[in-house]
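I am opening a notebook page for a structure that is new to me, and I mean to write down what I look up in the order in which I look it up.

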Amino acid sequence: MSHAAPHGPPTGFIRTHVFSLDHKVIGRQYFDLALVAVLTGMVLSWLMRYHLAWPKAALPGLGVLSPDGAPSGVMTPELYLRLMTMHGTIMVFFVLTTAPFAAFGNFFLPIQVGAEDMAFPRFNMASFWVTFVAFLVLVSSFFVHEGPSLAGWTAYAPLSAVGKDAGPGEGAGQTLWAISIAIFCVGQLFGSLNFIATTLDLRTRGMSLARMPFSTWAWFTTSVIGLIAFAVLLPACLLLILDRVAGTSFFVPGGLVVSDRLVPHAGGSPLLWQHLFWFFGHPEVYIAILPGFGIVSHILPAFARKPLLGPRVMIGCLISIGFLSYTVWGHHMFVSGMNPFSAILFSVPTLIITIPATIATLLWIGTLYGSRLRFATPSLFCLGFISVFVTGGLSGLFLAQPSIDTYLHATYFVVGHFHLVMAVAAMFGIFAGVYFWFPKMYGRMMNETLGRWHFWLTFIGVYCIFMPMHYLGLAGNVRRYAVFSDDYLQPLMPLHRFITVAALATGAVQLLFLGNLIWSRFRGVPAPDNPWQATSLEWSTSSPPPFDNFGGRQVVVSHGPNEYGVAGPADFIMQDAPPGGQGA
Amino acid sequence: MGRLFAVVVTLFTVVSTALFVMHVWWLPPGISVVGSGVDRQINETMIMAGALFVISQLALACFAWRYADLGDARPVKTFPGGATPMVVASILLVGAEIVALTLVGSKVWAQNFMVDADPHALHIDVQAEQFAYYFRYAGADSAFGSMHPALINDANSNFFGLDPANDTTARDDIVAASLVVPVNRPIQLTLHSKDMGHSFYVPQLRLQQDFVPGMVIPLHFTANRTGKYEIVCTQLCGLGHYSMRAYLEVVTDERYGQWLKEQAP
Amino acid sequence: MSAVRPPERTAPGMTGVWTGIAAILMTFAALVSALVVRQGDGGDWRHFQLPPILIANTLVLMASSVVLWVGAHEPEARPARARAALALALVLGLGFVAGQLIAWRDLAAQGVYLATGPSGAFFFVFTALHAIHLLGGIAGLVYARRRLVAGIPGRTVDAAVTYWHFMGALWIGLLLTLAVSL
Ligand code: HEA
Ligand code: HEA
Ligand code: CUA
Ligand SMILES: [Cu+2]
């Protein structure tokens, strides 16, 4: 806890680039980790989609990569499930928690509140490296005997708890999964601690809570949610590990016969795991989306050239969504065998969450009214975010009702729902953030033409992938199936092939983004300090910011972040402009 | 750019709404009374959500078209009334929707899961295992033999762990691999799992319920149309999850009686 | 960092400790609810005798809190006294951990191991996790004492002491939970 100790710029490669205490370096490290993770997860999804569409077709090279998982190149059902488990786990934990929250939050939260660094730089560094180790542990399960777990990202017990008799991958692979997630929790707890203390204690003069940018509010709320959520997942994973390696039975009931052997465990409760997991799991999905809320609320005004409608209401929405997210976890368990009456008790708050979500959506749409909307890649992704969030959110309205969920649970309707809100809306939030903040993070502009192509093709592509999944679900197509051999699923195969084609095409489009990212990092046009004419503090410093963020300048804040569309020579007021005055 | 966005969003909205409205892909026809309640609930939600979907996407499209920056110095306008109408509309509209959906939906849910089965219901025991279902009928004595996990043995088809040597009630229990039920007769299932979490899902019944190892879970339904339907497992239970399936055969009373006789040990 | 900012606004150490306390409380709340669920679930809950040494351990831990409370409440004004208090608390804390190890050996002698039954499992999980967090508190005391010796201003001692008191309170809560349910 060396918060008060002023640390000068370090020297040496290790100290500046590897074990750096600088929040900006740590933010970029998180960003790179998220990129590696998202590419891994995306490639896994291609393999999955290919297999779903053409289950009997061999994939050249797959037999070499995984001789036992795909003898002769055709994927076995267990390999499919392992890829699916890794896809979900990598995407939820190592992409959607790291990119919008840990990466952008680390880089920009201290700058946006006018601090020189995080409150606890050492914890911050530890947070990244612990997360990195967690990623390595997870990925290493590809290389152990029988490969990674096949129990899905939710790792329901007893499948995940009774050991290798349960199926291939339930030996070492599942243990590594549980260890990786436990380590991940520690990393994110350190991160949340830092975000909270920094927001509360290191704000510069004049930066009252009400003057914090929306993105800061979102990261702050997210870190409070994360603090509680990861603090619950951590002990749950520890208990799971003990069940697996120490012979305890927290989650394994008595009298099970697995692979013709009576399991020695007795008395545990599989539903206990589900409760602990979803008590974390539901808040986790808001950990994924709230930074997106913040990013859109932060970016949209700068491109609409007018203040966000209802700034305080928006903050209220963030906080109430965060609060409510702890009351709804049972909506994942309507048909799990828990008390049917509690289904209604969980359904009502789930439906109530749609109220702040709707208010937030209407505030964004209302902000567009009467604006002078500039179309650039960041604003396009914000508009896309709103569109897909509405679509995906509305499909949540079906699932939130137990009477309907008895039909739709565990179908592709759910898969369509969560990909639209999470894999697309939250991802669009990240994309908007990347295109918006890249100039500040790397000192160079991204290529705008490539960016627009990336937006249009991705926007069309993701609707083609994930909208049809709702139709599949309505027709009763169940999820987590390696092959659709059931009679009633046969007529749906053409739709599956359409989805696969769309997924492969959309995936290929991401190479545009990747290319743009790499090219611009080294060859992009040097960025001015404030390319978007935005108001918050990150735009008051150089691109990229100096080591102490403001070059020794004491920043004094006299304005809120929302002062766009004002009369005067410029139509906006920087937060650190003198009171009443303009310019910066 | 704004116009392009508006066109693309409108196109999506129209196409996807049309595919819903035309029922191009839709639920298979239902075969139970409670199931038609579920269908009604889905339809109502579809209409409400569809309306919100269309309105908000079109509003987004309109504003993107109308308010694109053309480089003119026109001043920006705020939304008439500011944020208040949004908040009030959301709370009232969505609030009313929540109340309406919950009141009606909870009844449907209660019929499926919160009321007891008809007292004269036909009792059938279900055992789920990696990766099959087995169904047990009580036989002539209308009593089920008790289950002993230690005796479960797939090799000699003792899927339920029965002990006919010592347990007289177990001797006439009928175990089948298909769920054969008489039409229009209330059925009471009792779900057991031998190993993992599994699930009982018959899309045509609009019914889904997990098996939880260590728990005994009741489930009831009444099928009102004869036919052969698939029971599929929807809870990830291992590598053969995708192939875990059985058939629900809804037959006439006569056919049922005949089938039962054929099965008797 | 403190050069330009009024120092009284810069107490992230305290905020950090309270935030950490919130997270740790959440972790143990999850474990206690797991215990309640598990106890009601199977008929295999086995009661056993809590090792008597736990009483002594508890007294030692409470004593360490008292020492800090009396000795380290104004570290800036009376640094020598605070240094001594920190050192003494540290020794007592290590004594507590050693006592917990003895309690584990006691249980093993009774034939209660981690996998013997759910009650024993919860005992080991609770005590081990608490001990790990307590070791963090010991590291905090060491760190705070080093800064005190070096004369670095700030509220590190207060933060470390707050955490330490919390560890004591948490232990008493856990012990009561275990005593009631085992
Ligand atoms: C970012 C992630 C994210 C977000 C934001 C949400 C948001 C919501 N989710 Fe989702 N959900 C997931 C990620 C997410 N979900 C995941 C990952 C799963 C599955 C996990 C698994 O099983 O593997 C899941 C599963 C899931 C289920 C369980 C389904 C099942 O397994 O059977 C349910 C059930 O209630 C649900 C409901 C909701 C609801 C009601 C919302 C609401 O918050 C949505 C609110 C938004 C809206 C309602 C749209 C707002 C705008 C408008 C409506 C405009 C209005 C216009 C006018 C009034 C004109 N979700
Ligand atoms: C963030 C979360 C995320 C993302 C992005 C994706 C992306 C995709 N997912 Fe996935 N998926 C999950 C989360 C996600 N998924 C989860 C949690 C499950 C459940 C697992 C389980 O059941 O256990 C699942 C399951 C799942 C299934 C169901 C498997 C089954 O039930 O049998 C399918 C099937 O088609 C699928 C397909 C796809 C496809 C085609 C893509 C993509 O290819 C779409 C195209 C990609 C993008 C639009 C984004 C790419 C982004 C970038 C290239 C850069 C981003 C930049 C930074 C991070 C800096 N996914
Ligand atoms: Cu049984 Cu899936
Ligand atoms: Cu949820």
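I began with the side chains around ligand 1 in this predicted model, and I found a polar side-chain atom of A:Trp153 2.8 Å from an oxygen atom of ligand 1. I then looked up A:Tyr286, where a side-chain N or O atom is 2.6 Å from an oxygen atom of the ligand, and A:Asp405, for which the distance from a side-chain N or O atom to a ligand oxygen is 2.6 Å. Next I asked which elements give two or more residues to the shell around ligand 1, and I noted α9 (270–304), α11 (340–368), α12 (377–399) and α14 (412–442) from chain A, along with α2 (33–66) from chain B.

That brought me to the wider surroundings, where I counted 31 residues around ligand 1 and listed A:Trp153, A:Tyr286, A:Asp405, A:His409 and A:His417 as those that come nearest. By class I entered 18 nonpolar, eleven polar and two charged residues for this shell, and I recorded that ligand 1 lies between chains A and B.

I turned to the chains themselves and noted that two pairs are in contact, of which A and B share the most contacts, whereas chains B and C do not touch, their nearest C-alpha atoms being 9 Å apart.

My next entry concerns the copper ion, ligand 4, whose protein donors are ND1 of A:His282 and NE2 of both A:His331 and A:His332, at 1.8 to 2.1 Å from the ion. I wrote down that A:His282 sits in helix α9 of chain A and A:His332 in the loop between α10 (311–324) and α11, so that this pair, 50 residues apart, links distant parts of the chain. Is A:His282 buried or exposed? I entered A:His282 as buried, because its relative accessibility is 4%, and A:His332 as partly exposed, because its value is 22%. I also looked up the distance from the copper ion to the iron atom of ligand 1, which is 4.5 Å.

Last, I looked for the largest nonpolar core, which has 356 residues, with B:Leu179 and B:Leu248 having the most contacts inside it; α14 of chain A gives the most to this core, namely 22 residues. Setting aside neighbours within four places in sequence, I listed the contacts of B:Leu179, among them B:Ile124, B:Phe135, B:Phe200 and B:Leu248. I closed the page with a second, separate core of six residues, including B:Ala132, B:Phe160, B:Leu162 and B:Ala170.

Note on methods:
Residues numbered from 1 in each chain as written. Chains lettered and ligands numbered in written order. Predicted model: local features only at pLDDT ≥ 70, side-chain atom pairs only at ≥ 80, totals over all residues. Heavy atoms only, no water. Contact = heavy atoms within 4.5 Å. Near = heavy atom within 4 Å. Polar contact = N/O pair within 3.5 Å; in protein donor to acceptor, adjacent residues only side chain to side chain. Helix = DSSP H or I, 4+ residues; strand = E, 2+ residues; numbered from the N terminus. Nonpolar A, V, L, I, M, F, W, Y, C, P; charged D, E, K, R; others polar. Donors = N, O, S within 2.8 Å, 3.2 Å for Na, K, Ca; no water. Buried < 20%, exposed > 50% of the residue type's maximum accessible area, 1.4 Å probe, protein only. Core = buried A, V, L, I, M, F, W, Y, C linked by side-chain atoms within 4.5 Å.
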